[in-house]
Amino acid sequence: MRFAPGLAPLRYRDFALYFAGLAVSSCGTWLETTLTTWLLYEITGSPLLLGLNGLMRAVPIFAFGLLAGTIADRVDRRRLLLFTQGGTALTSLALGVVVATGQVQVWHIYAAGVISATLGAFDAPARRAMYLTLVPRSQLQNADTLNAGIFRISRLVGPVLAGILIVAVGPAIPYFVNSASFVAIIGALLIMRTPPIVARERGSLWAETVDGVRYTLGKSVLAHLMVLESIHSLFSANAALVTIFAKDVLHVGPEGLGLLLSALGAGALVGTGSLVVSGDVLRKGRWMMVAGYGYVAAFGLFAWSASFELSAIALALIGLADSWWATMRNSIFQLQTDEAYRGRTLSAFLLVGRGLAQASQLQTGVAVEALGPPVAATVGAVIIGVAIVGVNAMDDEVRSFRDARTVTEEPDAGAS
């Protein structure tokens, strides 16, 4: 661990189990995400209908996101995750069966997306809120980095595997592979030894949900981080935009799409690796802003690239910048949150992040239909840049955030 301080959370048994299980499951999830995007665009040929899939997945997140955070502050988070992960595995299995029989229709894909997104709305805040029962506070940024690393590796491996499987065995098998991948995270959850939730006086679900929103918006740092998260999620280089560029601008098939999405993942993996090597970053606010500007520049390059190779390089740079930007945003948000509100604040953060990320596919479809792919992507990059400049100008506490805590504390969870 001496040469890679960012790996320190893996010394703790429960976090190591979580990390291994989620790594396998996430690869399967990205495999299915890539397949579903390609399959839906093949069936419909419409950027707007492709974007509608994102909206269908966003609705449950907006409908249940805040309630999910309140529940994550009230129940055993490990048991809640067992339910959500198991339900998602069964949903993938069911969609795979429909595709395998040759009966798949657009509404089947939309319905599966709604179910998965509903389960995910309850899953995400519970997983994030559980971090500080797995590692000490001093290792929170490193835990966030490793969690992001799982996502980045999955984004690298999953799309390539999806492209290969679509060509080699057809579109049904990837759904079965994803369903089977959930065995890893479910098994890890079953053998974890997380402490019980701390008892506290409780009000009604509605009152606690409202109190959580009031607390989140009442802290300037949290509110401005949510603005950045919202704008990034809605106008970023999402899978729908990359799919449209792959097919309509670069004129490549599923293998090319897989390589482009994997380039995004590869760049992010390099960024995550640099965070692992450097360990905890003290000046989190400054580095968050620098990485945000780098993201905008790389996005602009991608928008006007007509070369497959240059597009892949631009996506890799986007992934690299995003890995730092996202890790700093998440770490500052968690460090500025009181434990009693952790599930509720994270649910609000994830609502705008995950919810608008899904809705962004509809925004992408509308923008591409109206403006064409290059201009639509450029508009997205400009809006993100304006948001960064605005927050940077309005809130000195965000850009100057510096984690000055000591690192002598011990975790509640046992080290391995």
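A residue counts as buried when its relative accessible area is under 20%, as exposed when that area is over 50%, and as partly exposed in between. These cut-offs are applied here to a predicted model. By this measure helix H13 is mostly covered, since 21 of its 28 residues are buried.

Helix H13 is a suitable place to start. It runs through residues 308–335. At 1.5 Å a residue, its 28 residues should span 40 Å, and the C-alpha atoms at its ends are indeed 40 Å apart, so the expected and modelled spans agree.

The covered residues of this helix lead into the interior. In soluble globular proteins, nonpolar side chains tend to be buried together. Here the largest nonpolar core has 99 residues. The members that touch the most others are Leu225, Met288, Tyr295, Phe299, Leu315, Ile318 and Ile384. Among helices and other elements, H13 gives the most to this core, with 11 residues.

Tyr295, one of those well-connected members, shows what such a position looks like in detail. Leaving aside neighbours within four places in sequence, Tyr295 is in contact with His232, Ser236, Ala237, Ile318, Ala321, Asp322, Trp325 and Ile384. Two of these partners, Ile318 and Ile384, are also named among the core residues that touch the most other members.

H13 also takes part in the surface. Val270, Leu301, Leu310, Ile313, Leu317 and Leu320 form a nonpolar patch there, with about 480 Å² of accessible area together. H13 gives the most to this patch, with four residues. One of the patch residues, Leu320, lies in helix H13. Its relative accessible area is 32%, so Leu320 is classed as partly exposed. H13 is thus the leading contributor both to the core and to the nonpolar patch.

Charged side chains come next. The structure holds seven salt bridges. In one of them, the side chains of Glu208 and Arg74 meet at 3.2 Å, N to O. This pair links distant parts of the chain, 134 residues apart: Glu208 is in helix H8 (residues 205–218), while Arg74 is in the loop between helix H2 (47–72) and helix H3 (77–100). The two partners differ in cover: Glu208 has a relative accessible area of 6% and is therefore buried, whereas Arg74, at 26%, counts as partly exposed.

Helix H8 holds a second acidic residue to follow, Asp211. Its side chain meets that of Arg214 in a salt bridge at 3.8 Å, N to O. Both residues lie in helix H8, three residues apart, which is about one turn of the helix. An α-helix has 3.6 residues a turn, so residues three or four places apart point the same way. Arg214 counts as exposed because its relative accessibility is 55%, and Asp211, at 26%, counts as partly exposed.

Asp211 also forms a salt bridge with Arg344 (3.9 Å, N to O). This second pair reaches across the chain, from Asp211 in helix H8 to Arg344 in helix H14 (residues 342–371), 133 residues away. Arg344 has a relative accessible area of 5%, so it is buried. Through shared partners, the salt bridges join Asp211, Arg214 and Arg344 into one network.

The N-terminal part of the chain can be read in a similar way. Helix H1 covers residues 13–44, and at 1.5 Å a residue its 32 residues should span 46 Å; the end C-alpha atoms are 46 Å apart, so the two values agree. Just after H1, Gly45 takes a positive phi of about 65°.

Two positions further along give a sense of distance from this region. Gln105 lies in the loop between H3 and helix H4 (106–129), and with a relative accessible area of 43% it is partly exposed. Gln105 and Ser26 are 79 residues apart in sequence and 25 Å apart in space, C-alpha to C-alpha. Ala117 lies in helix H4 and is buried, its relative accessible area being 5%. From Ala117 to Arg13 the separation is 104 residues in sequence and 29 Å in space, C-alpha to C-alpha.

What does Ala117 touch, not counting residues up to four places away in sequence? Its partners are Arg57, Pro60 and Ile61.

Definitions and conventions: Residues numbered from 1 in each chain as written. Predicted model: local features only at pLDDT ≥ 70, side-chain atom pairs only at ≥ 80, totals over all residues. Heavy atoms only, no water. Core = buried A, V, L, I, M, F, W, Y, C linked by side-chain atoms within 4.5 Å. Buried < 20%, exposed > 50% of the residue type's maximum accessible area, 1.4 Å probe, protein only. Helix = DSSP H or I, 4+ residues; strand = E, 2+ residues; numbered from the N terminus. Contact = heavy atoms within 4.5 Å. Patch = residues over 30% accessible without salt bridge, like charges linked within 9 Å, V, L, I, M, F, W, Y side chains within 5 Å. Areas by Shrake-Rupley, 256 points an atom, 1.4 Å probe, with all protein chains shown as cover. Salt bridge = Lys/Arg side-chain N within 4 Å of Asp/Glu carboxyl O. Expected span 1.5 Å × (residues − 1).
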